Protein chains: 2
Amino acid sequence: MEKLLEKEDWITVENGTIATPLGFYADGKHCGLKRKKKDIGIIFSETPAESAAVYTMNQMQAAPIFITKDSLEVNQTLQAIVVNSGVANACTGKRGLEDGFAMRAMAAKHLGVAETSVAVASTGVIGDYLPMEKLATGIAALDLKSGISSDFHEAILTTDTVQKELTLQSEIGGKVITISGVAKGSGMIHPNMATMLSFITTDAAVPAELLQKLLKQKVDQTFNQITVDGDTSTNDMVIVMANGCAGNAIFSDGTPEFTAFAKMFYAVCQHLAKSIARDGEGATKLIEAKVKGATSKEDARMIAKQIVSSSLVKTAMFGEDANWGRIICAIGYSGGRFSPDNITIKIGNTVILEKSETTNYAPDVLASYLKMENISIEVNLHSGLEDGVAWGCDLSYDYVKINACYRT
Amino acid sequence: MEKLLEKEDWITVENGTIATPLGFYADGKHCGLKRKKKDIGIIFSETPAESAAVYTMNQMQAAPIFITKDSLEVNQTLQAIVVNSGVANACTGKRGLEDGFAMRAMAAKHLGVAETSVAVASTGVIGDYLPMEKLATGIAALDLKSGISSDFHEAILTTDTVQKELTLQSEIGGKVITISGVAKGSGMIHPNMATMLSFITTDAAVPAELLQKLLKQKVDQTFNQITVDGDTSTNDMVIVMANGCAGNAIFSDGTPEFTAFAKMFYAVCQHLAKSIARDGEGATKLIEAKVKGATSKEDARMIAKQIVSSSLVKTAMFGEDANWGRIICAIGYSGGRFSPDNITIKIGNTVILEKSETTNYAPDVLASYLKMENISIEVNLHSGLEDGVAWGCDLSYDYVKINACYRT
């Protein structure tokens, strides 16, 4: 099993924001890219922060991906991230790239930092050009001193119904270290080696190279293990900034301090990933699939992700129907290795399949479990020692409604 | 482009059935596996027929797959196919295999042929055991002399709303050759190297080896290029029987006669595959995605299939929304090779994207096109010379309804 964080060595900061870690500021405003809701936001660090990022594997990469790569390539540090929602600036060609660079320049000028200290992210409708005048007005209005930092959380959302944020704090190596993460999700969610938009700040001092390694590893275990609709977006991006304002001795790999930090970092990523799955378009339930006894971690994760990706499993969960035939069918076409005759499946605490055949389980107990909002499916392949977990949501009428009428 | 069959060298036999080719008989009956509808059927050839089959690539293969392989292994001939709907006999372990063999034995006895002359197929709920007494009564009631052969078409359906059948006839090498095909589809449809249930009969004389090669090739171009919900079933199977009753000189590969036969065979497969996509659970539209200008046929087919597989494209089509961003996004994560900056997309006759950027198309023309039942999406990658096509359906409220309540 992926580490289940039974013993938590940290506290959750109530009403924390992406600017809770020392030295960070944030704001969000409305500038007319969306009808009413906030659509432009910024995160700023008072000192250059060691930074790392992962990006979508979709070959149709949106302009902001190129701009952010350009900024990070210089020296793996960032001082700001500017984000808009409403327009994805994807499939916008040369003009889209120019617009993205202009957006970065506007933010840099507003903040008084170098252009390559600024990362850019966008989310929204594919194919529309950024309305640059509105954007310029919006960026100029962002106020890091008197702005409300949690407004950033709202500014990055599209069809999301809730904000997704977590701030954790722990004493590590004698210093109070804070990590805060925020994410947008909702639709076009099936990350591949990268993910939807998520931004993580920390006041810990972490070298960029170590930060990149940590981010990649944890994203693979969390954001890359969720799905809403099987569609990998053109704009996915996770960025982490570590500005060192907490005053800790710079972390190095393998030390107890870094291990503690990595654990807390994983907890933030896992929370955000699960929140995205739970808030998937039209979702009424969070579905967690755990796969045990696989021959490799990759197999375990692949099979778990296939289960939560199956439209038939998703509709069965919406219908509160323990249709395990669909679960075993998804395992079967996942491409993972296993012995077809020796599969155990548990839904909640009910073992419904043993040695790949149905058990005499009590349908009543299961029926009341399936009415709950959080559904756990646990598969034991009895083929090896490796485990993996993935998260998804059910497929409801509202998913169809939201996506049949997204633009109209 | 896959051959578009512009010039048809054959006629469609009106009210044709799977028993229209000479020497074939069929019947279907109700024996209580389903509530009311016919659920047991048989196809019989008066002489042993050279036969070929392809099967699901799902690792959780249902019992009937094993039974049919066992029969075909003997000498690549069959005299009968017995099929039930309502119960899939999948994930039923040792007992399921015994039941499958018993079902084959019952049919063989009823028809007076060797057990290994009979293929077995099942479709329906996964995990339930076959009610053998009901099945025995059903098989005994099948009547090849006074039965209605088109009743077989109904007996193989589950949530399908229409029968899927085509019978074509042509004069080849001085003999009238007939090919008839029937299929069931509906849900758990995303064939991988094999497909859902389909049975094809012909009175042509074709050696089994050549028949197998032809079947594999045409299935790859047709049944394997459709999707309803992305789920590859445990029971998929296509069987073709060629009994030679038409009296033609046995076909050999590369001759004009076999080429003419192969063309007609492809037309039957394509018709059935498209019918399955059109009758996908809850579907209101058939979506055809054609990909031109790819670097390989595999790439073209993979990209075409990814487009019709995307939940976001499917819901957009249901909503009659020309959301091409979702189409290009699907191309992007398909895994196919292409140049991201040079993609043309046409919906119907309207070019909506050129060099990967939006055109000034007339939204009104497109809006009325999208109200139609058959939607064509054509993509030109301008990267090579190869083409491919795939078929799918839209994703509607009814898909969710059907699958949230399938068993209850």
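Which residue has its charged end over the ring of B:Tyr55, and how far from the ring's centre does that charged end sit? In this model, which I should say at once is a predicted one, the charged end belongs to B:Lys69, and it sits 5.0 Å from the centre of the B:Tyr55 ring. In chain A there is A:Lys69, which lies over the face of A:Tyr55 at 5.0 Å from the ring centre.

Let me turn to rings that pair with other rings. A pair of aromatic rings is described by the distance of the centres and the angle of the planes. Searching the whole structure gives 12 aromatic pairs over all chains, and I will go through two of them in some detail. In one of these, A:Phe318 and A:Tyr397 have ring centres 5.5 Å apart, and because their planes stand at 85 degrees, which is over the 60 degrees required, the pair counts as edge-to-face. A:Phe318 belongs to helix 8 of chain A, residues 311-318, while A:Tyr397 belongs to helix 11 of chain A, residues 397-404, so this pair ties together parts that are 79 residues apart in sequence. As for the surroundings, A:Phe318 is partly exposed, at 21% relative accessibility, and A:Tyr397 is likewise partly exposed, with a relative accessible area of 31%.

The second pair is in chain B, where the ring centres of B:Phe251 and B:Phe261 are 5.1 Å apart and the planes are at 40 degrees, so this pair is tilted. B:Phe251 sits in the loop between strand 9 (237-242) and helix 6 (256-278) of chain B, whereas B:Phe261 is in helix 6 of chain B, 10 residues apart from its partner. Are these two rings buried or exposed? B:Phe251 is buried, with a relative accessible area of 4%, and B:Phe261 is buried too, at 0%. Over in chain A, ring pairs join A:Phe251, A:Phe258, A:Phe261 and A:Phe265 into a cluster.

B:Phe261 also brings us to helix packing, since it is among the helix 6 residues that meet helix 5 of chain B. Two packed helices are described by the angle between their axes and the distance between the axes. For helix 5 (residues 208-221) and helix 6 of chain B, the angle is about 45 degrees and the axes are 10 Å apart; the two helices are therefore oblique to each other, and the crossing is right-handed. On the helix 5 side of chain B the residues in contact are B:Leu210, B:Leu214, B:Leu215, B:Lys218 and B:Gln221, and those they meet in helix 6 include B:Phe258, B:Phe265 and B:Cys269.

In chain A, the axes of helix 2 (residues 93-111) and helix 3 (residues 132-141) come within 10 Å and cross at roughly 20 degrees, which makes helix 2 of chain A roughly parallel to helix 3 of chain A. This crossing, too, is right-handed. The contact involves, among others, A:Met103, A:Met106 and A:His110 of helix 2, together with A:Leu135 and A:Ile139 of helix 3.

I will finish with a single residue, B:Ser170, which lies in strand 6 of chain B, residues 164-172, and is buried, with a relative accessible area of 12%. Leaving aside residues up to four places away in sequence, B:Ser170 touches B:Asp9, B:Trp10, B:Lys175, B:Val176, B:Ile177 and B:Met264. B:Val308, by contrast, is 138 residues from B:Ser170 along the chain, and the C-alpha atoms of the two are separated by 33 Å.

Terms used. Residues are numbered from 1 along each chain as its sequence is written. Chains are lettered from A and ligands numbered from 1 in the order in which they are written. This is a predicted model: local features need pLDDT of at least 70, side-chain atom pairs count only at pLDDT 80 or more; totals for chains, interfaces and linings use all residues. Side-chain values use heavy atoms; hydrogens and water are left out. Rings of Phe, Tyr and Trp (its six-membered ring) pair if their centres lie within 6.5 Å; planes under 30 degrees apart count as stacked, over 60 as edge-to-face and the rest as tilted. Helices (H or I, at least four residues) and strands (E, at least two) are DSSP runs, numbered from the N terminus. Buried means under 20% relative accessible area, exposed over 50%, partly exposed in between (1.4 Å probe, protein chains only). A charge sits over a ring if NZ of Lys or CZ of Arg is within 6 Å of the ring centre and within 35 degrees of the ring normal. Axes are lines fitted to C-alpha atoms, for helices over the stretch in contact, and angles run from 0 to 180 degrees between N-to-C directions. Angles under 35 degrees count as roughly parallel, over 145 as roughly antiparallel, 65 to 115 as roughly perpendicular and the rest as oblique. A crossing is left-handed if the near helix is turned anticlockwise from the far one by less than a right angle, and right-handed if clockwise. Contact means heavy atoms within 4.5 Å.
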